[in-house]
Amino acid sequence: MSEKTSAMFGRSLRRPGFPLVPVCAGIVVGYILRGLFDSTFLSIIEEKRYKKMSSEKESTPAHCKPCPLCALCSDCWRHDAIEEPYRPKTMYEVIRWFHFTEKHLYENLDDDPRIGLIGRWKEDVQDIQEQAVRIISKEEKTQWKVVKLNYGYKRIDAFRGMDYVLDMEVTKADGTEKGRKLVHLVRSTRPHVRMLNLQNVAQETVVHFIVPLSRVTDRLRDFMKVYEKVCLETGAAVSLLGVLFRDSPEDQTSLDQCKQMFDQYAAKYPAAAIRYVEADGEFSRAVGLDTGARQLPPDALLFFCDIDVDFDQGFLQRCRNNAEVGRQVFYPAVFSQYDPDLVMEGIPGKPKPTNLRDINKYNGFWMYYGYGMACMYNQDYRSVGGFNLDIHGWGGEDVELYERHVRSDLQVFRAMDPALVHRYHAKTCDPDLTRDQYRMCVGALSETMASKAQLGVKLLTLQGKLPPAA
């Protein structure tokens, strides 16, 4: 605007009787109304465009249903379609429902037919109840609230999501009416997949085995055969550190044999990192593993290993992949073999096993309560205080470390690993153990003998109620 025009415009506004304030207010209001109109208009256009694109390019497939959350909002077209339930082709493909109440979950989890409804299980049930009440209230235009959950069902379909069936007792918010409602809901799985992380698989990261030993010469020999085949002959990126205990002077011969075995393999494979250190005092797994960890730098990837565990290169790579420094620790569950003598006796009507290494319910079981095998970086081991060194003898140190990691800021990756197989060996439980340690030892001893069916057959055979297996 030129100076002349500005002056003329200024004089016109200053003319006597010209309503300056109302004009300014009108200009402001006009801009606001125009902004609202433009945004509303653009929203309508965008909605129509989206609806047109959805109908033309992304029409709902015939096998999908509308989103059940449409009762909560008016823009139903923004929700993804829900897949129809999976239709199994055989009896083995049927997806089981979990039965739950306000207190318990009924399903074969960890070989337990009933577990307490706690943690994420409980949070999930509470959340789906709240969502169910909101949807029911919206549908019936009446405000309801939950009085009691009688029971519920839940199942997980990888492509559909999570289905729930809830039997609930409800009441109106004002208390004037009560009712009982059965509602089926779906927590849908969105059709798009979002990538959270991408990285190259690191095969050069060294996995440092730490193995505490005491009076196990024969078992060490078996372990070294596996270690040689999997690691030494292939040149895998690994190292081995044995921590040797001498519980009494009588153990010196066994200790010397273990040292000699380490020296022989170190001489045979000079490029391999194989060594041992001696620990003071009676055998303590916690002390042994902690002593080994102290020999290594903070950025070392540790594998706390037992002498009776078989493994392969696949596990070594999972150890590298599932342990992330400063972020995640890996606690694989081990498959524990039953007593091969009892396994080979077989069960009437079933063929005898031909390979005791196969993972099935006749050969062994998942040791889901054991946390002794673990992969983690040394600094993540130290960040939670390491093992409790006051624990002596058998058991307990792994559970405590696991609980510390669960309570820490680190993520815990827990999964069954088919490559980790605990070889059966006879064991005894020292009556001088603490009460909890002795209880755990007896429980582990009895569980590793054989399956319930095999033990039942053995008992009936000894009682003469069954003929000996052919």
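**Rings, charges and cores in a predicted model**

Student: In this predicted model, Trp121 counts as partly exposed. What is its relative accessibility?

Tutor: Partly exposed covers values between the buried limit of 20% and the exposed limit of 50%. Trp121 falls in that range, so partly exposed is its label, and its relative accessibility is 30%.

Student: Let's set the scene: how many residues does the protein chain have, and what share of them count as buried?

Tutor: The chain contains 12 helices and 17 strands. Among its contacts with a separation of 6 or more, 69% join residues 24 or more positions apart. Its accessible surface comes to about 28,800 Å², and carbon and sulfur atoms hold 55% of that. For burial, the chain has 470 residues, and the share that count as buried is 37%.

Student: How many aromatic pairs are there in the whole structure, and what geometry does the pair of Trp97 and Tyr153 have?

Tutor: A search of the whole structure gives 21 aromatic pairs. For Trp97 and Tyr153, the centres are 6.4 Å apart and the planes make an angle of 75°. Planes over 60 degrees apart count as edge-to-face, so this pair is edge-to-face.

Student: Where do Trp97 and Tyr153 sit, and how many residues apart are they?

Tutor: Trp97 is in the loop between strands S2 and S3, whereas Tyr153 belongs to strand S6. Trp97 is partly exposed at 29%, and Tyr153 is also partly exposed, at 30%. The pair links distant parts of the chain, with a separation of 56 residues.

Student: Is the pair of Phe98 and Trp121 stacked, tilted or edge-to-face, and what is the angle between its planes?

Tutor: This pair joins strand S3, which holds Phe98, to helix H3, which holds Trp121, over 23 residues. Phe98 is buried, with a relative accessible area of 16%. The ring centres lie 5.7 Å apart, and the pair is tilted, with a plane angle of 35°.

Student: Lys154 is a charged residue in strand S6. Is Lys154 buried or exposed, and which side chain makes a polar contact with it?

Tutor: Lys154 has 8% relative accessibility, so it counts as buried. Leaving aside neighbours within four places, its contacts include Trp97, Phe98, Trp121 and Asp163. The side-chain polar contact spans 2.8 Å, and its partner is Asp124.

Student: Which ring has Lys181 over its face, and which ring has the charged end of Arg414 over it?

Tutor: Lys181 lies 4.9 Å from the ring centre of Trp144. The charged end of Arg414 is 6.0 Å from the centre of its ring. The two rings, in order, are Trp144 and Tyr402.

Student: Which helix gives the most residues to the largest nonpolar core?

Tutor: That core has 40 residues, and those touching the most other members are Phe209, Phe223, Tyr227, Phe311 and Phe315. The leading contribution is 8 residues, and it comes from helix H4.

Student: How many residues are in the other core, the one with Val243 and Leu302?

Tutor: It lies apart from the largest core, and Met376 and Val384 are among its members. Its residue count is 24.

Student: One last puzzle: what is the phi of Lys141 near?

Tutor: Most residues other than glycine have a negative phi. Lys141 has a positive one, and this residue is in the loop between helix H3 and strand S6. Lys141 is exposed, at 76%, and its phi is near 55°.

Methods. Residues are numbered from 1 along each chain as its sequence is written. This is a predicted model: local features need pLDDT of at least 70, side-chain atom pairs count only at pLDDT 80 or more; totals for chains, interfaces and linings use all residues. Side-chain values use heavy atoms; hydrogens and water are left out. Helices (H or I, at least four residues) and strands (E, at least two) are DSSP runs, numbered from the N terminus. Buried means under 20% relative accessible area, exposed over 50%, partly exposed in between (1.4 Å probe, protein chains only). A nonpolar core is a set of buried Ala, Val, Leu, Ile, Met, Phe, Trp, Tyr and Cys residues joined through side-chain atoms within 4.5 Å. Rings of Phe, Tyr and Trp (its six-membered ring) pair if their centres lie within 6.5 Å; planes under 30 degrees apart count as stacked, over 60 as edge-to-face and the rest as tilted. A charge sits over a ring if NZ of Lys or CZ of Arg is within 6 Å of the ring centre and within 35 degrees of the ring normal. A polar contact is a pair of N or O atoms within 3.5 Å; within protein, one must be able to donate a hydrogen and the other to accept it, and residues adjacent in sequence count only if both atoms are side-chain atoms. Contact means heavy atoms within 4.5 Å. Accessible areas come from the Shrake-Rupley method with a 1.4 Å probe; for residues, only the protein chains shown count as cover.
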